[in-house]
Amino acid sequence: MDDVDDINPFSSDAGSPIIAANLSLDEDLSPPDTPVNAPARLSSPGPTPPAKRPLPLSSSSSRQQPPKTDFCCTRDQWLHSGDDVEILVTGAQKTSDNSKTPYIAYIIQTGHVETRRRYSEFESLRNSLVKLYPTLIIPPIPSKQPISDYAVKQAKAKEDANLISRRKRMLHTFLNRMARHPILSNEHVFHRFLQSDVSWTEVLHSPPISTLPKNILKAPAHAPTDTTSAQVYAALPNPSAAQPLRHPDARFLESEIFTDKFANHVSGPMEKVTRRVMKRWAEYSHDHADLGAAINGFSLNESGALAASLEKTGQAIDTGYLSTSALLQEMESTWAEPLHEYSQFSSIIKKLLMYRHQKHVQYEMTQDGIESKREQLQTLERNEQEAQRLEGALSGSTIRPSRSTNSGTNGSGSDENPETREQDDAEVPPYSPPPPPARRGPPAMGFLHALSYTLHGMMDVDPETARRNSITKTRETLSQLEDALQASAQDLKYASSTIQADLDRFQRQKVADLREMAISMARSHRDWCKKNLEAWEEVKRETSKIEDHPNRLPLNEPASAPVSEPTTGRPT
């Protein structure tokens, strides 16, 4: 498997290979003289032959890769220029170019180049990358608009300002995650998506996307568009996602359990609580808007210091409304949307682990198929040997004819020596032809098997020829399955090591993102408190200018001694 290690973009000495004791992979996984798999495709072919990007190291190594020097296009050069580049989604514009109905086009800015792409094109880009790189975590794009929104808003659902703003932010995140990925940033299909003079429809109908197989499980994991080994992969079975493994890998079992827990927590309590909190903050903001307007109106009916104090109070409440609206926007962009994005990530990782699970099931099913074909071949060969032995025994037994009277008979045709004839007849047993083979009835396997048996009986099939043809066909099938087993083992090892390395990269990204989310949440609340504190400090200063209450003593003057009641004498 040395060649598979070479083409693995995340392989390292510290990485643990999938061929471990718990898998019980008895097959020799060393590559044949002519490798079944073609070299890995790290970038798709385009107008200019793309150069190979230096492969990134895994998480166990801290060494830096040398900068890229060969570029397939100008967008590739810009992405890998060495600067901290950022792809911007600067706006959204309603247009009807190349379409009968109007749609929203999002403006992508990469350096000095602007490109307009609609949401469906983002979706097709991601779907294509999922098929081109089945062992990588492809970042998510914003979810589609719920059907309920279309039922309520009908034609205006796509033009909702909040929806467009949310999509702009999440598409911006998607593009920059792609640009910072060590493998996906080198994909020429992604470069062409960023080019303004490229028709995306032509990209979808040209290689490599047009050469993708219908079933991704029957294609090399490292190069799904490779057609040189299509015949080998066609012999692989098509496994079910629900089929269990006989020898599961403990590493990926733990990954599946952890991903389920993460998905249940993020998409369950955290998202639900976040929606409730934001709903209450929104109600709080609207209530403050109404209250501020009411107090400002009330200040118009008063005069002097009281009117000024009421006006400042209304302004402070208005400041609370504005700061709460800003807090809601901050929470939406820095907390709620990333939380939803990681809920999508959990679903993506589940599908990725399911792909690896099916590859492992495919390997075990191929092993079972080989064992079954070997047993079938041994049975056919034993039957052939038994038939040859019987045929040889039958052809080797000769029948001695009775002695004629041509050389020693009298005229009446009787033997000259009757005793000799009786002795010869006693030596040779009488010949009895073997009974014809009994025709076996059709096995109780259903109507189709019975019909097939009847048709074969009517067609006068030679059993020897049929048996030998079955032996030849079984040997060919067995040879194809052995080649397919080797290809499946290579796919399993490559997929396992690459998925594990990308999971490690994702874990580092997740920790950094959650840290930034928490800091942003704290910063937003701090700014909200600062703005409200300053506003209410002004209210306090303005309120202090109002005269003291006439029926109360000033707070800075001590209270006088209590007056004692006069004492009255008791009458005598």
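**Figure 1. Salt bridges across the whole structure.** Search this whole structure and you find 20 salt bridges. Keep in mind that this is a predicted model. The next few views zoom in on some of these pairs.

**Figure 2. R246 pairs up with D368.** Here the two side chains form a salt bridge, with 2.9 Å from N to O. R246 sits in the loop between α8 (230-234) and α9, while D368 belongs to helix α10 (residues 304-396), so this pair ties together parts that are 122 residues apart in sequence. How much of R246 is open to its surroundings, as a relative accessible area? The value is 44%, so R246 is partly exposed. D368 also gets the label partly exposed, at 38% relative accessibility.

**Figure 3. R475 meets E381.** This is a salt bridge between side chains, again given from N to O, at 2.9 Å. The pair links distant parts of the chain: R475 is in helix α13 (residues 463-543) and E381 is in helix α10, 94 residues apart. R475 is partly exposed, with a relative accessible area of 45%, and E381 is partly exposed too, at 25%.

**Figure 4. E542 and K545, one buried and one exposed.** Their side chains join in a salt bridge of 3.6 Å, N to O. Buried means under 20% relative accessible area, so E542, at 15%, counts as buried. K545 has a relative accessible area of 56%, which is over the 50% cut-off, so K545 is exposed.

**Figure 5. A salt-bridge network.** Which residues are linked here in a network of salt bridges? They are R177, E341 and D513.

**Figure 6. A positive patch on the surface.** Five names to look for here are K272, R275, R276, K279 and R280, which form a positive surface patch. Take R276 as an example: you'll find this residue in helix α9 (residues 250-299). R276 is partly exposed, with 44% relative accessible area.

**Figure 7. H80 and its partner D76.** H80 lies in the loop between α2 (74-79) and β1 (88-95). Is H80 buried or exposed? With a relative accessible area of just 13%, H80 is buried. The side chain of H80 makes a polar contact of 2.6 Å with the side chain of D76.

**Figure 8. T115, tucked into a strand.** T115 is part of strand β3 (residues 113-118). T115 counts as buried, at 2% relative accessibility. Now look for V89: T115 and V89 are 26 residues apart in sequence, and their C-alpha atoms are 9.5 Å apart in space.

How values were computed
Residues are numbered from 1 along each chain as its sequence is written. This is a predicted model: local features need pLDDT of at least 70, side-chain atom pairs count only at pLDDT 80 or more; totals for chains, interfaces and linings use all residues. Side-chain values use heavy atoms; hydrogens and water are left out. Patches are made of residues with over 30% relative accessible area and no salt bridge: like charges are joined within 9 Å, nonpolar side chains (Val, Leu, Ile, Met, Phe, Trp, Tyr) within 5 Å. Accessible areas come from the Shrake-Rupley method with a 1.4 Å probe; for residues, only the protein chains shown count as cover. A salt bridge is a side-chain nitrogen of Lys or Arg within 4 Å of a carboxyl oxygen of Asp or Glu. Lys and Arg count as positive and Asp and Glu as negative; His and the chain ends are not counted. The place of a charge is taken as NZ of Lys, CZ of Arg, CG of Asp or CD of Glu. Helices (H or I, at least four residues) and strands (E, at least two) are DSSP runs, numbered from the N terminus. Buried means under 20% relative accessible area, exposed over 50%, partly exposed in between (1.4 Å probe, protein chains only). A polar contact is a pair of N or O atoms within 3.5 Å; within protein, one must be able to donate a hydrogen and the other to accept it, and residues adjacent in sequence count only if both atoms are side-chain atoms.
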